[in-house]
Structure formats: C-alpha cells, structure tokens
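Student: Please pick one part of this model and take a close look at it. I would like to know what lies around it and how it connects to the rest of the chain.

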Amino acid sequence: MALQEGFTSRLGLAMGVGIAVASLLSGCSSSVSAPTTSPSVSSENNGSYSRNRPLQCSQLVGKKIQASVIGLPTTGAIVTAATVVAATDAGPASIGEYCLVSGNIMPVDPTAPNIEFQLGLPNAWNEKVLMLGGGGFDGSIPPVNSNTPNGAVDGSVPLARGYAVFASDSGHQDTSNGGGPFSVNQEAYLNFMGDALKKTHDAALFLVKEFYGVRRVKQSYFAGGSTGGRESLTVIQRWPEDWDGAIALYPAWDFTALTLMQLTATEAFAAPGAFLDSAKRGVLYSAALAACDMLDGVADGLISNVQGCQATFDPTSVRCAGGADTGDTCLSDAQLAALNTMNSPLLFNFELASGETSYPGYNVFVADTGIPSTNPYEFYVTLLALGSVQPAFPVTGSMMFDGQISDSFIRYTVMDDPTFDSLTFNTSSPGPFAQRVSYLSSLDAVITDLTPFAAKGGKLLMAHGTADLTVSTRATEYYFARMQAVMDTDNVATFVRFYEIPGLQHAFSTVFNAAWDNLTALEGWVEQGIDPAMNQTVTDTLGVPGRTRPLCLYPTYPKYNGSGDVNVASSFTCVVP
C-alpha cells in the first residue's frame, strides 16, 4: 500500500482509523446470494420484517426506504448502486465476497446535501453489524473494508470477520477549505454532529434485514476515532437501544471547546518568533526523554510515566541564554511561551450551553511535536502536531492540523464569513459571537450519564495516546472522571474500560504506533463476559516494529519489571504513578 493511501485511510476515516488493508474491488458478476440465516438470532429487537428469504445483491439497486423507517426526519432513502466485490486473498487480511451497497438519505431541507452511505454485506455473514465513524469534518465515506481505529495488527478487518459494515459521509461531500463550508446549513451541521448517525443506522439496518431475510441482528457495534470517537459516544448517549458495544478512541467529544483550544494553540504559534523548527523540537523531545525515559524502569525510548514526567521535567532547561532565539540548540522565551499556552487549560469567560468552563491543555512537553526523522510517517506526525509552516492567514495544508480545523470552524460554522481572519478570534471571550458558540456547544457529546446503555448490557472501550496533540488526552480523562462522578465509580467499572497508550500521537506515531485488537476485546466482553481489563496487549508497528506493551487501564502505566525482554509486554506491569 502506498504511504499516502495508508495515511488517507487512517486519518481520514477517524482521524484515527487503522490503515485499510484491502482495496475496494469491482465485482465480476451482477448478483450474489446471501447466506441462509435464522430469522430470530438476537435478544435485541431491531424491528420486525415481513420476509424470510434473502435477496440477491442486484435486487437492492433502486430499493427505496420510506422516511417512516428512519428515526429522525428525512424524505426517505434510496439505494443507488449494489455491486458484487470479489474475494481477496491476502492472508489474515483476506476478505470474502461481499455486496457493496451505495445509497443516499435525502434531507428535509432541499438545500441541504444528501447523506451518502455505503454498506458491505458479506456472503459469509456473522449475523452482526458494525458502523465505522469518520474523521475531521467528515465529508467522505470511510471505506467499509477498513479496520477499526488502530485495530488488529494482522489486518483482520471487520468485513473479513463477517460483519455487515456501514458508514456515511455524515451528510456532506466536501473536504476542502478545512471541510467546514457545509456547516452554514443547519440540517447539514446537525447531521454532522450526530443526526446522520441515527439516519444511517436505520437505513443500513433496514437493508441488512432485507438482504439476509432476518428480523433481527445478533449484535450492533460502533467503532471510531477522533471525530469517529465523538460519534461513538454520541450514538450510545442518544440512541443506546441501537447499540451493544462501542469503541471510542481519542474522542473529540467536546468538539466546540476543542476547536477553541486548537485555535488558541494556533494563535500562540503564529506569534512573532514563537514557531519551532524541527531541530528545536528535537532538542525539546530529547531533553524530555533524558529526564523521563527511565521513570518507567527502563530506557526504551518511551515516556510511559507521563504524570511523573510532568512533575520532573523542566522545559526551561533548554531555554536559550537570555531568552532570545540564538539557534537550533535551544528554545527562546517566545517559543516556550507558545508551548506553555498549548500545555495550559483554556478558560472560557462566557457561558457554554454544554456546561464546559474550560478545555484542558495538551501533554506537549512529553510528545513528539515533529522531530527530525527519516521515517516517512513523521510527516504526518508533524502535521498533526505543530505543522511544518508557521500558522498564518489564510491557512494552508502545511500548517498545523489544529489550525486547519479551527480556522474552518470559526470562518464557516461560527461566523458564516469565509473572509474572516480566524487568528484574530478571541477564544476565551468571543463577544457578540458568544451566543452562537454556546449554542454549538449544546450539540457536543457531553452526556456522561450512560445508564440506559449500561442497563441494556452495553460495553464501551475507550483509549487515548498520551502524546496526542490534536485531541487532548486530558479531555478524555475528564470525560471518564465525570462519568464516574455522575454514575459512581463502581457502576462505570461494570461497562467501561479506559486505557492510555504511551507514545501514541493522534492515530499515528513514529515512537509507538499502536495496534490493538479492540474489536475482539469488545466482542469477548459483550458476547462472552470476558473482561478486557487486564488481558490486553498493544503492538508497536513503526517505532520498534513488533514490540509489545500491556494495555494499561487509566491511570496506570506500564512499568518494567526489572528483567526480561524490553520489547515484550510480559516484562512490564501496569502500576499507578
């Protein structure tokens, strides 16, 4: 797979979904028989169905879905294409023959775009469904043959496991200009913030039942990272009856507050003299490693004890004498100030309907911010950190991704003014735009009482890299803590597992590029009662390819036992800082 294809799959699908391991192939025939399945295969009723006979792939073309089938207002949906995709032979990543369905869900507002979706219906169906979340501002359909976020190292994608897999573009078809122009349309933005998830789910489930001739499915799962992580939390917050389990990696749950924080960091690095070139970033990271690498018991190139590092490492140790920029061996006061802004919480001096009063800073002093490296993936790590070009207006694709997203959010979603210089926006006190920003925050995935989802037996897996500079690791810690405060710690422990992964940036890392069979972990917990609390392993695919670590529940981290292979998970134990 080409490098660009890998990045597009992983970043575009979830700002975090794993690299797709199989290309979408065109079919060699016009129809395929669906397998015979039991018409009653689940204790979870997803609606009655009038047939007991499966359909051919070609019979789905032109099929209409009435608006009454979909749980939110639409003007119905239609299948625009259905094509047989031949089986692939790629070892563990092989995918059997399936029917690839494309469709449109039509809006109520005629000026709003359709929701475009796709659905993969495998011939060897396991009687389960999985929805994949998107990334960034969405605007394109995640490939249904993709993996879950940072998924299984062997590339065994859900479609290959027999899942009927579906995804949508969230209701617009545009990734240009940061992806935000669609958001000036109210229905389109509501779709992006969650409504498209329910609409797509209901349309896809209707087609699954039609195709396989069943009344119910055994289990329904959702998997996403970043925006997809927010979407994962959204579906179990708003429609818990639809889902049995969810995977939410590095979730942008408080999207409005997050984009304000992203813009705050962008404005800081746009200041004169504040931007760091890659050499200076390398100096900072090397100093952090020197101070903190051994805090986990071994020099392994990973800062695993993040809390200990934050208490130990003094960034001013790399300050240029006198504070002026004297070259690439040190950091100036202006550069340290920008980093401190990114490390510190953004306090809001106005009321947000979401209830948020701040957004936490990032673990920027322990992260790879885009250091000198020969690894080709460092380009993407750099983009998701500080970018390769100093922030300015107008924004370009080489500038930090935080700035690209927040610029589009401000100019289109907030201001409806494409010409507005986003770098002049006051993120803590937006003045006449405070009411608009407050309303937008009401659409975020901020519900922390997940009692209905827990009561039906639903399970949630959350994970976040400690070096994420796009969505703050601390924000996910806050969400988890709020769940515990609202629902009680013991209750949360019955249905949520939250892990942190040292060294992982946002979806990617050249330090520790994590791969974890999160879907098997979720299946085991939901379907067999196998608790994934202490038996999970995460594999590095780029930093030291093949090395493993135990996947530790927050707030624990992997500490070396003092003996054994430093590249093997069994040589480490999860401990409290």
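Tutor: Contact here means heavy atoms within 4.5 Å. Helix angles are taken between N-to-C directions and run from 0 to 180 degrees. The model is predicted, and the part chosen is strand S5, residues 128-132.

Start with the sheet. Strand S5 belongs to an open sheet of eleven strands with mixed pairing. The order is S1-S2-S3-S4-S6-S5-S7-S8-S11-S12-S16, which places S5 between S6 and S7. The edges are taken by strand S1 (64-65) and strand S16 (552-553); each has a single partner strand, so one side of each is left without a neighbour in the sheet.

What joins S5 to the strands beside it? On one side, five bridges join S5 to S7 (residues 219-225), and the two strands run parallel. Within that pairing, Leu130 stands opposite Tyr221, and Met131 has Phe222 as its bridge partner. On the other side, S5 and S6 (residues 164-168) also run parallel, joined by three bridges. Leu130 appears here too, with Val165 as its bridge partner in S6. In general, strands of a sheet pair through backbone hydrogen bonds, either parallel or antiparallel.

Now the faces. In a regular strand the side chains alternate between the two faces of the sheet. In S5, Lys128, Leu130 and Leu132 lie on one side, Val129 and Met131 lie on the other, and all of them are buried. Buried means under 20% relative accessible area. Five of the five residues of S5 meet that cut-off, so the strand is largely enclosed by the rest of the structure.

Two helices lie across this region of the sheet. Helix H14 (residues 518-528) lies across S5, S7, S8, S11 and strand S12 (496-501), and runs at about 155° to S11. Helix H3 (residues 227-238) lies across S7, strand S8 (245-249) and strand S11 (459-465), at about 145° to S7.

Next come the charged side chains. Side chains of opposite charge can pair when their charged atoms come close. The whole structure contains 17 salt bridges by this search. One of them joins Arg161 and Asp517, with N to O at 2.7 Å. This pair links distant parts of the chain: Arg161 is in the loop between S5 and S6, Asp517 is in the loop between strand S13 (514-515) and H14, and the two are 356 residues apart. Both partners are partly exposed, Arg161 with a relative accessible area of 23% and Asp517 at 28%.

A second pair gives a contrast in exposure. Asp300 and Arg549 form a salt bridge at 2.9 Å, N to O. Asp300 sits in the loop between H5 and H6 and Arg549 in strand S15 (residues 548-550), 249 residues apart. Here Asp300 and Arg549 are both buried. Returning to S5, salt bridges that share partners join Lys128, Arg161, Asp517, Glu523 and Glu527 into one network. Lys128 is one of the buried residues of S5, and this network ties it to Arg161 and Asp517.

A third pair is mixed in exposure. Lys280 and Asp325 meet in a salt bridge of 2.9 Å, N to O. Lys280 is in helix H5 (residues 278-292), while Asp325 is in the loop between helix H6 (306-312) and helix H7 (333-343), 45 residues apart. Lys280 is buried, with a relative accessible area of 3%, whereas Asp325 is partly exposed at 45%.

Finally, set Lys128 beside a charged residue that lacks such a partner. Asp368 is buried yet has no salt bridge; Arg281, the nearest side chain of opposite charge, is 7.1 Å away. The cut-off for a salt bridge is 4 Å. Asp368 lies in the loop between strand S10 (358-359) and helix H8 (378-384). Its side chain reaches the backbone nitrogen of Gly370 at 2.8 Å and makes a polar contact of 3.5 Å with the side chain of Thr510. Residues touched by Asp368 include Tyr285, Leu469, Gln505 and Val511.

Key. Residues numbered from 1 in each chain as written. Predicted model: local features only at pLDDT ≥ 70, side-chain atom pairs only at ≥ 80, totals over all residues. Heavy atoms only, no water. Helix = DSSP H or I, 4+ residues; strand = E, 2+ residues; numbered from the N terminus. Buried < 20%, exposed > 50% of the residue type's maximum accessible area, 1.4 Å probe, protein only. Lys, Arg positive; Asp, Glu negative; His and termini not counted. Polar contact = N/O pair within 3.5 Å; in protein donor to acceptor, adjacent residues only side chain to side chain. Pairing = 2+ DSSP bridges. Lists of a residue's contacts leave out its neighbours within four places in sequence.
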